[in-house]
Amino acid sequence: MIGSVSELRVSPSLAACPASGAELVQERLPFTVTVARSEQDLRDAVRVRQSAYARHLPSFAETLGEPEPADSEPGNWVLLARSKLDGSPLGSLRIQTNARRPLDLEASMSLPPELANARLAEATRLGLAQGERGRLVKAALFKAFYLICRSQGVDHMVITGRTPIDRQYQRLLFEDVWAPHQTYAMAHVHQLPHRVMHLHVPGAQARWQAARHPLLNFMCGTEHPDLQLPAGTPAAARALH
């Protein structure tokens, strides 16, 4: 088994997080999002990951042809979006928590105390296949990331973003961990300068509501049965401290 599926405790009822009093709608996607369970799943995730990085960072992409140790570490999960039409991989995202060790980014920078002492989950190795579905796949992977963080009691979602990718997270209302637009050379991303940003998980929905964010309904008012996030034990949540 790949990753830590048994540690997930995301139930089907968490396929949405509706605002109080809002009517929940259901929407089908042309793809599924699951946690990689098999060697083939992981190979497909690696393939789409390497292909995506090759478009922008070809030298770094050459190092991504095989699964990385972090893909199978306990407390980490690799998400895979797969087409319903032909089964092809459309996107992937790895989630690392600080349940058992510091986040990868902490090898390159220190976090402020309010984050260093909190329950964190970092999204890494986002990869999307080319095509018109890319934006929808990315939104679905991000929603899965958010729902997993909610279920695991994570305090802050953390990302590293190079220019111009960082603007996507800024639009999602992530904030810089230190000074605005400050960048750090990230050892786990080829020493390239990245902004390090975070979003407070318990307050995210209220933040999106206050901003009338265009993704609010997708994130919090829509049930997506194709986000097939398995139920499991709460071990990972208990391990976070």
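Reader: Are Arg49 and Glu68 buried or exposed?

Author: In this predicted model, Arg49 and Glu68 form a salt bridge, with the closest N and O atoms 3.3 Å apart. The pair links distant parts of the chain, for Arg49 belongs to helix α1 and Glu68 to the loop between α2 (58-61) and β3 (76-83), 19 residues apart. As to their surroundings, both Arg49 and Glu68 are buried.

Reader: Which residues are linked with Arg49 and Glu68 in a network of salt bridges?

Author: The structure holds 16 salt bridges, and one of them joins Arg49 to Glu68. Both residues also belong to a network of salt bridges, in which they are linked with Asp71, Arg94 and Arg125.

Reader: How many residues apart in sequence are the parts that Glu73 and Arg101 tie together?

Author: The side chains of Glu73 and Arg101 meet in a salt bridge, at 2.9 Å from N to O. Glu73 lies in the loop between α2 and β3, while Arg101 lies in the loop between β4 (89-97) and α3 (113-116), so the parts that the pair ties together are separated in sequence by 28 residues.

Reader: Why is Asp104 classed as buried, and how is Arg101 classed?

Author: Asp104 forms a salt bridge with Arg101, the closest N and O atoms being 3.0 Å apart. A residue counts as buried under 20% relative accessible area and as exposed over 50%, with partly exposed in between. Asp104 has a relative accessible area of 15%, and is therefore buried. Arg101 has a relative accessible area of 29%, so its class is partly exposed.

Reader: How far apart are the end C-alpha atoms of α4?

Author: Helix α4 has 18 residues, and at 1.5 Å a residue these should span 26 Å. The model agrees with this expectation, because the end C-alpha atoms are apart by 26 Å.

Reader: How many of the 18 residues of α4 are buried?

Author: In the largest nonpolar core, which has 42 residues, those touching the most other members include Phe145 and Tyr146. Helix α4 gives the most to this core, with 11 residues. The helix is mostly covered, and its number of buried residues is 14.

Reader: Which residue just after α4 takes a positive phi?

Author: The helix α4 covers residues 134-151. Just after α4, a positive phi of about 70 degrees is taken by Gly153.

Reader: Which element gives the most to the lining of the largest pocket?

Author: The largest pocket has a volume of about 520 Å³. Of the 22 residues that line it, the closest to its centre are Tyr53, Leu126, Gly127, Arg162 and Ile165. At least two lining residues come from each of α1 (39-54), β5 (120-128), β6 (156-161) and α5 (166-171). The element that gives the most, with six residues, is β5.

Reader: Which element supplies the largest share of the lining of the second largest pocket?

Author: The second largest pocket has a volume of about 420 Å³. Lys138, Ala139, Gln168, Leu172 and Leu215 are the closest to its centre among its 18 lining residues. Elements β5, α4 and α5 each supply at least two residues of this lining. The largest share, seven residues, comes from α4.

Reader: How many nonpolar residues are in the lining of the second largest pocket?

Author: The lining of the largest pocket has 10 nonpolar, eight polar and four charged residues. In the lining of the second largest pocket, two residues are polar and three are charged, while the number of nonpolar residues is 13.

Terms used: Residues are numbered from 1 along each chain as its sequence is written. This is a predicted model: local features need pLDDT of at least 70, side-chain atom pairs count only at pLDDT 80 or more; totals for chains, interfaces and linings use all residues. Side-chain values use heavy atoms; hydrogens and water are left out. On a 1 Å grid over the protein atoms alone, a cavity is a set of points where a 1.4 Å probe fits but cannot get out, and a pocket is an open set with protein on both sides within 12 Å along at least five of seven lines; lining residues have an atom within 4 Å of a point. Grid points are joined across faces, edges and corners, and a volume is the space filled by probe spheres set on the points. Helices (H or I, at least four residues) and strands (E, at least two) are DSSP runs, numbered from the N terminus. Ala, Val, Leu, Ile, Met, Phe, Trp, Tyr, Cys and Pro count as nonpolar, Asp, Glu, Lys and Arg as charged, and the others, Gly among them, as polar. A nonpolar core is a set of buried Ala, Val, Leu, Ile, Met, Phe, Trp, Tyr and Cys residues joined through side-chain atoms within 4.5 Å. Buried means under 20% relative accessible area, exposed over 50%, partly exposed in between (1.4 Å probe, protein chains only). The expected span of a helix is 1.5 Å times one less than its number of residues. A salt bridge is a side-chain nitrogen of Lys or Arg within 4 Å of a carboxyl oxygen of Asp or Glu.
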